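Okay, thanks for coming, everyone. I'll take a few minutes on how some of the helices pack and then turn to a pocket.

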Amino acid sequence: MDADALYQQVYGPGAPFEIAHEPVLGETLPVFKNRPRSLRDLLERSRAHSDTDYIVFEDQRITYAEHVELVARVARRLRDDYAIGPGDRVAILAANCPEWILCFWAVTSLGGVVAALNGWWTEDEIRYGLELSEPKLLIGDQRRLARLEGRDPGVPVAVIEEEVTAWRNDPPTPLPDAPIDEDDAALLLFTSGTTGRPKAALISHRGLIGFVQVVQSGGMLQFLTNPPAGGPKPTRALLTVPLFHVSGLFAGTILFLASGATTVWRAGRFEEVAVLELLEREKITSWAGLGSMGPRVLNHPDIGNYDLSSLTNLGGGGAPLTPSYIQRVKQVASNGPGALAIGYGSSETVSTAASHSGEELDAHPDSTGRVVATVSVEIRDEQDRPLPDGREGEIHVRSAYLMREYWRNPEATAKVLKPGRWLATGDIGHLREGRLYINSRARDMILRAAENIYPIEIESRIDLHPKVSECAVIGVDHPELGQEVKAVVVPTAGTEVDFDELSKWCAETLAPFKVPSCWELRPEPLPRNAAGKILKNALEDGAPTPPTGE
């Protein structure tokens, strides 16, 4: 069957993922005709997988049927005890655990909005997230709530190890039935911002359902193009990414529920041997080893001692995929070249905008794939004019699934959401023969082990230190993390800079992954252009100086 016929079999009239054009927020946009109309609708449909395990977490196993019932119990408590209803924000601050997932589905089933706080944040960052999102309730685990050091967060608190765990034992109850519109908000996802503080992308039910269907339809097309030997197999996915992250929440929680997959979650610090043991014991078929995790596991000296024959899908992201890693995936995964898939998207685009896998990825490893169904991509110049194939410019994405806005930040929203609901990503790239190529990531952004870091937030902190005259923060290559954070510091005249002191200074208000791991002392002023802007490319050749005491 030729490519056009396969496409029609997936997306044409009467097909499972038939595409229609409908009004969305004032624009007529392509959408999937047959779709769940809310996350609660998606949750209801998951009952079809009744006895299959949905969540495996340490010694806990929760089936799909049990999960729906537990979500209903938690939702009733949120409604009755805390008056959570449509539009109310509920912040979640916790490590990965079943209760995080239960609370997400419970809040969204009530028509509420989950504010997914970064579990690595310091007290300063946590309080900022609460002030911005203004939740009606904070749900947190004891370890993260302890960072507030007993000080009032200004909002009622439900402790996971106490209240939420107890709610699971309540009597059976039906799911909520409050009306939910497709374009109602479901999620506030925090994303690094160029203003020095994280912004919160407001994401709708439609956006998250769209993410699911884009991936599912692409998977069906890939299956019809290259059917796997022995037919489809049930997905058993290992998740080693946090739930406040796109990969953990969009894919690990929502997509896999929609697919009837079993999700196996691991708690605690990342350890290669522990991951290898889980891959073998749980007969994992799919794992996304983001950032340094994939290379660390696949290159572990003991990998040959484990049976990984079940592993057929390996994702990657958060750091560039090196040719050596791609080759290693082919050696380890049981289906070789068909194991690896990559894609391009962001918190703001919600859905993947381009992706590829298998032979297509093998043939074009420098591309991030073809633009996906129901999504449009344009490359534009500095005057916002579309550019032809092969010309480099800023990547713009349009779909029904884009974030609604940056929460309570109209200025930032206006900079990225343009007429016709085109999103300016800030990333630089080009299109060629329908494939998207990324040339740089959001200009200044540092991509460290799947975490987006904007230098200005770190620079703002370092500049406050009395011994610092000026500084610049850049990303430098790292063999496992993709990039690490480096700070170039010019000291105040007559002072001596102690890098240990500066590290501790940063750690007081910044999450650990943002604290520079490399430092360089510069005796002369930072290089600047005629407009006074620091020329960071002129700093990238300097050898990193490790902090004292390392």
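**Helix packing and a pocket**

Let's start with helix 4 and helix 9, which are roughly perpendicular to each other. Keep in mind that this is a predicted model. If you want to find the pair on your screens, helix 4 is residues 98-109 and helix 9 is residues 246-258. Their axes come within 12 Å, and the crossing angle is roughly 70 degrees. We call that roughly perpendicular because the angle falls in the 65 to 115 range. As for handedness, this crossing is right-handed.

So which residues of helix 4 and helix 9 make the contact? On the helix 4 side you've got W100, I101, F104 and W105, and across from them, on helix 9, sit L249, T253, I254 and L257. Sorted by type, that's seven nonpolar, one polar and no charged.

Okay, next pair: helix 1, residues 3-11, and helix 8, residues 205-225. Here the axes come within 10 Å and cross at roughly 140 degrees. That makes helix 1 oblique to helix 8, because an angle has to be over 145 to count as roughly antiparallel. Helix 1 passes helix 8 in a right-handed crossing.

For the contact itself, helix 1 brings L6, Y7, Q9, V10 and Y11. Helix 8 meets them with S217, G218, M220, L221, L224 and T225. The split here is seven nonpolar, four polar and no charged.

Now, on to the pocket. I'm talking about the second largest one, with a volume of about 1,300 Å³. How many residues line the second largest pocket, and which lie nearest its centre? There are 38 in the lining, and the ones nearest the centre are W120, R144, G268, R269 and F270. Which elements give two or more residues to that lining? Those are helix 6 (142-145), helix 7 (160-167) and helix 11 (293-298).

And what about the chemistry of the lining? The residues divide into 18 nonpolar, nine polar and eleven charged. Put that beside the two helix contacts: the helix 4 and helix 9 contact has no charged residues, and neither does the contact of helix 1 with helix 8.

That's my bit, happy to take questions.

Notes. Residues numbered from 1 in each chain as written. Predicted model: local features only at pLDDT ≥ 70, side-chain atom pairs only at ≥ 80, totals over all residues. Heavy atoms only, no water. Axes fitted to C-alpha atoms, helices over the stretch in contact; angles between N-to-C directions. Helix = DSSP H or I, 4+ residues; strand = E, 2+ residues; numbered from the N terminus. Parallel < 35°, antiparallel > 145°, perpendicular 65-115°, else oblique. Left-handed = near helix turned anticlockwise from the far one by under 90°. Contact = heavy atoms within 4.5 Å. Nonpolar A, V, L, I, M, F, W, Y, C, P; charged D, E, K, R; others polar. 1 Å grid on protein atoms, 1.4 Å probe; cavity = no way out; pocket = protein on both sides within 12 Å on 5 of 7 lines; lining within 4 Å. Points joined across faces, edges and corners; volume = space filled by probe spheres on them.
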